[in-house]
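Let's take a walk through this protein together, with the sequence and the coordinates open side by side. Please have a look at the fold before reading on.

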Amino acid sequence: MFENFVEQLSASVDAADLGEAMASAAAGFDFPLFAYFTYPSASGDAPQLISNYPSSWTSRYLQQRYHSLDPVILRGLCAGCKAGIHSIGVWIALGTVCRIRSNKF
C-alpha cells in the first residue's frame with residue numbers, strides 16, 4: 001500500500017491527483033474520509049484544503065474560518081513550529097499561530 005501511495009504522489013500533477021492518492025491511502029487504513037490542510041504562507045492568501053469530505057462542509061469550514069479554532073489544526077501547527085520542519089513562508093504563518101495559542105514563541 002505504501003508503495004502505491006508513493007507512486008501516486010510521484011505521478012500527481014495537481015490537487016485532484018493528490019486528493020485521489022490521499023483518499024486511496026486513507027481507504028487502505030479503513031478511513032472513509034480524509035482532509036489535508038495547509039495554512040497560507042503569506043497573510044491574505046487563502047488556506048488550502050484537499051479533502052473528500054462533503055463540499056457543503058468544507059466550504060462552511062473555510063468560510064467560517066473554523067481552522068483558526070480547530071484544536072487538531074492548532075496542535076499540529078504548534079508541533080510543527082517546535083520541530084522546525086516547515087519552509088520559511090509556512091514557518092512565519094505557523095509561528096504566528098503558536099505565539100497566539102501558547103505564548104512560547
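**A walk through the fold**

Setting aside residues up to four places away in sequence, Tyr36 touches Met22, Gln48, Leu49 and Ile50. Tyr36 sits in strand S1, and its C-alpha atom is separated by 5.1 Å from that of Ile50, although the two residues are 14 apart along the chain. With a relative accessible area of 37%, Tyr36 is partly exposed. Keep in mind as we go that this is a predicted model.

From this tyrosine, let's step back to the whole chain. The protein has five helices and two strands, and from the N terminus on its elements run α-α-β-β-α-α-α. Of its 105 residues, 25% count as buried. Among the contacts with a separation of 6 or more, 23% are between residues 24 or more positions apart. The accessible surface comes to about 7300 Å², and carbon and sulfur atoms account for 58% of that surface.

Now find helix H2, which spans residues 15–28. Its 14 residues reach 20 Å from the first C-alpha to the last, close to the 20 Å expected at 1.5 Å a residue. Which residues of H2 are buried? They are Gly19, Ala21, Met22, Ala25 and Ala26. These residues lie on the same side of H2, because they cover an arc of only 165° around the axis. The cover over the buried residues of H2 includes helix H1 (2–11), strand S1 (35–38) and strand S2 (48–51). Met22, one of the buried residues of H2, is also among the residues that Tyr36 touches.

Both ends of H2 are worth a closer look. At the N-terminal end, Asp14 acts as a cap, with a side-chain oxygen 3.2 Å from the backbone nitrogen of Ala16. After the helix comes Asp30, a residue in the loop between H2 and S1. Most residues other than glycine have a negative phi. Asp30 has a positive phi of about 65° although it is not a glycine. Asp30 is also exposed, with a relative accessible area of 70%.

A second case of this kind lies further along the chain. Arg65 is found in the loop between H3 and H4, and its phi is near 60°, again a positive value in a residue other than glycine. Arg65 is partly exposed, at a relative accessible area of 47%.

Next, let's turn to the nonpolar interior. Which residues make up the largest nonpolar core? Its six members are Phe37, Tyr39, Tyr61, Ile73, Leu74 and Leu77. Helix H4 (residues 71–83) supplies the largest share of this core, three residues. Phe37, for its part, touches Pro47, Gln48, Leu49, Leu62, His67 and Ile73, not counting residues up to four places away in sequence. Gln48 and Leu49 are familiar from the start of our walk, since they appear among the contacts of Tyr36 as well.

Tyr39, another member of the core, belongs to the loop between S1 and S2. At 15% relative accessibility, Tyr39 counts as buried. In sequence Tyr39 and Ser68 are 29 residues apart, while in space they are 9.6 Å apart, C-alpha to C-alpha.

Is His67 buried or exposed? With a relative accessible area of 2%, His67 is buried, and its place is in the loop between helix H3 (55–63) and H4. Leaving aside neighbours within four places in sequence, His67 is in contact with Phe37, Tyr39, Pro47, Tyr61, Leu62, Ile73 and Leu74. Several of these partners, including Phe37, Tyr39 and Tyr61, are members of the nonpolar core described above.

Our last stop is Thr58, in helix H3. Thr58 is buried, with a relative accessible area of 15%. Apart from neighbours within four places in sequence, Thr58 is in contact with Leu49, Ser51 and Tyr53. Leu49 brings us back to where we began, as one of the residues that Tyr36 touches.

Definitions and conventions:
Residues numbered from 1 in each chain as written. Predicted model: local features only at pLDDT ≥ 70, side-chain atom pairs only at ≥ 80, totals over all residues. Heavy atoms only, no water. Helix = DSSP H or I, 4+ residues; strand = E, 2+ residues; numbered from the N terminus. Expected span 1.5 Å × (residues − 1). Buried < 20%, exposed > 50% of the residue type's maximum accessible area, 1.4 Å probe, protein only. Arc of directions from axis to C-beta. Contact = heavy atoms within 4.5 Å. Polar contact = N/O pair within 3.5 Å; in protein donor to acceptor, adjacent residues only side chain to side chain. Core = buried A, V, L, I, M, F, W, Y, C linked by side-chain atoms within 4.5 Å. Areas by Shrake-Rupley, 256 points an atom, 1.4 Å probe, with all protein chains shown as cover.
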